[in-house]
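Visitor: Please take a close look at one part of this model, the strand pairing, and follow it outward to whatever packs around it. I would like one connected account.

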Amino acid sequence: MSDFSYGLLKQLGAPPYNFIDKKRCINNYIIYMLNRLQGLFTYENLPKTIPQRDLELLLQINGSATIADVNGELYAFRGGLGGEPNPYYMPTISVVANPALKLSKTYKIDDDCVVIPNDAMYIGLMPMLRRYATSLCENDITMNLADINMRLTTIITAGDDKTKYAAEKYLKDVIDGKLGILANNTFIESVGTQPYAASGQGNQVTQLIEYEQYLKASLFNELGIQMNWNNKREAINDAEAGMNNQSLLPLIYDMYQQRELGLEKVNDMFGTDIRVMFGYPWKETVDDPVEDENIEEVAPDAEEQTIQAEDSIQEND
């Protein structure tokens with residue numbers, strides 16, 4: 001048995017997922033989202049000392065990355081930005097500490113180093129990811145409780161231990177696929193039932209599923225991935241499916257522009273030729289502009305009406 005398969009078998013014995021461990025559930029959502037976002041951009045001619053994965057994690061989590069030369073090699077660091085502000089109140093120095101390189105140094109921005117922001121506000125994606133991950137986690141907990149509660153339609157009550165034992169045996173026989181058999185009327189007379197399941201519980205689960213779809217669609221749309229959320233509970237046409245394509249672009253365009261401008265400074269300062277491009281599927285969103293089908297359909301009709309009007313005028317003349 002290989003080490004890989006052994007590791008898989010060990011995972012099969014893992015305990016059930018703990019929905020009420022909110023911190024871990026939220027972190028899992030964020031980590032899986034960061035995994036997806038690794039494909040947001042692709043780079044050409046990155047130095048071996050700056051892996052794309054680590055550069056993107058720095059930008060998306062920290063909000064910026066400091067690119068500096070250490071012993072003739074370029075590295076991307078998590079720098080502490082500060083110093084005396086420039087005329088636009090932006091930081092002028094980046095303080096870097098890296099134990100692996102035994103580095104502790106203060107760099108002057110745009111003289112000794114280049115700071116590449118993830119976005120124009122240097123905020124990164126963590127606030128957005130935490131917000132949606134928290135809402136999704138809360139919805140998962142509610143959905144899990146609703147799912148468990150739907151198993152119970154009634155609660156069985158017993159007045160003594162003998163009746164309790166008989167009730168447990170009866171339920172076990174039913175669960176095992178056997179016909180439950182009652183020896184006498186004592187059980188029927190001693191046992192009681194109370195309705196438990198609330199009316200409309202099925203609707204509640206449907207609403208929770210719709211809310212989860214809404215949260216995921218909103219998050220993906222903010223990050224430039226088309227994901228339609230339809231609360232009409234019926235089919236939607238192509239025009240409705242593509243009507244929000246333009247709303248997907250502002251944030252990812254800003255992120256792309258900040259990387260492009262930052263890498264231009266890196267290329268000028270350190271003589272490199274690093275380039276950034278949109279990855280798949282974001283490239284499809286950028287390369288496929290939305291065409292207004294309604295305008296294309298109306299334009300021939302309008303032209304035809306103009307021709308008919310001109311012909312009518314000539315006939316009257």
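Guide: The model is a predicted one, and in it Ala97 stands opposite Ser104 in S6. That pair belongs to the antiparallel match between strand S5, residues 93-98, and S6, which are joined by 6 bridges. Both strands sit in an open sheet of 3 strands, ordered S4-S5-S6 and paired antiparallel. Its edges are strand S4 (80-82) and strand S6 (103-108), each of which pairs on one side only. From one strand to the next, the twist averages 20°.

A further open sheet of 3 strands has the order S3-S2-S7, again with antiparallel pairing. Here strand S3 (73-77) and strand S7 (113-117) are the edge strands, each pairing on one side only. The twist in this sheet averages 25° between one strand and the next. Strand S2 covers residues 64-70 and is linked to S3 through 5 bridges in the antiparallel sense; within that pairing, Ile67 has Ala76 as its bridge partner in S3. Between S2 and S7 there are 5 bridges, also antiparallel, and Ala68 has Cys113 as its bridge partner in S7.

S7 is mostly covered, with 5 of its 5 residues buried. In a regular strand, side chains alternate between the two faces of the sheet. In S7, Cys113, Val115 and Pro117 point one way, while Val114 and Ile116 point the other way, and all are buried. Two helices lie across this sheet. Helix H3 (residues 52-62) crosses S2, S3 and S7 and runs at about 140° to S2. Helix H9 (residues 249-270) also lies across S2, S3 and S7, and runs at about 170° to S7.

Beyond S7, the loop that leads to helix H4 (126-149) contains Asp119. Asp119 is buried but has no salt bridge; Arg259, the nearest side chain of opposite charge, is 6.9 Å away. The side chain of Asp119 does have backbone partners: one of its polar atoms lies 3.0 Å from the backbone nitrogen of Tyr122, and the side chain reaches the backbone nitrogen of Ile123 at 3.1 Å. With neighbours within four places in sequence left aside, Asp119 is in contact with Gly124, Asp254 and Gln258.

After that loop comes H4, where Leu129 is placed. Leu129 counts as buried because its relative accessibility is 2%, where the cut-off is under 20%. Not counting residues up to four places away in sequence, Leu129 touches Ile30, Met33, Leu34, Leu219 and Leu223. Of these, Leu34 is 95 residues from Leu129 in sequence, yet their C-alpha atoms are 8.9 Å apart.

For the chain as a whole, there are 11 helices and 10 strands. Buried residues account for 29% of its 317 residues. Among contacts between residues at least 6 apart in sequence, 63% join residues at least 24 apart; the contact of Leu129 with Leu34, at a sequence separation of 95 residues, is one example.

Conventions:
Residues are numbered from 1 along each chain as its sequence is written. This is a predicted model: local features need pLDDT of at least 70, side-chain atom pairs count only at pLDDT 80 or more; totals for chains, interfaces and linings use all residues. Side-chain values use heavy atoms; hydrogens and water are left out. Two strands pair if DSSP finds at least two bridges between them. Helices (H or I, at least four residues) and strands (E, at least two) are DSSP runs, numbered from the N terminus. Axes are lines fitted to C-alpha atoms, for helices over the stretch in contact, and angles run from 0 to 180 degrees between N-to-C directions. Contact means heavy atoms within 4.5 Å. Buried means under 20% relative accessible area, exposed over 50%, partly exposed in between (1.4 Å probe, protein chains only). Lys and Arg count as positive and Asp and Glu as negative; His and the chain ends are not counted. A salt bridge is a side-chain nitrogen of Lys or Arg within 4 Å of a carboxyl oxygen of Asp or Glu. A polar contact is a pair of N or O atoms within 3.5 Å; within protein, one must be able to donate a hydrogen and the other to accept it, and residues adjacent in sequence count only if both atoms are side-chain atoms.
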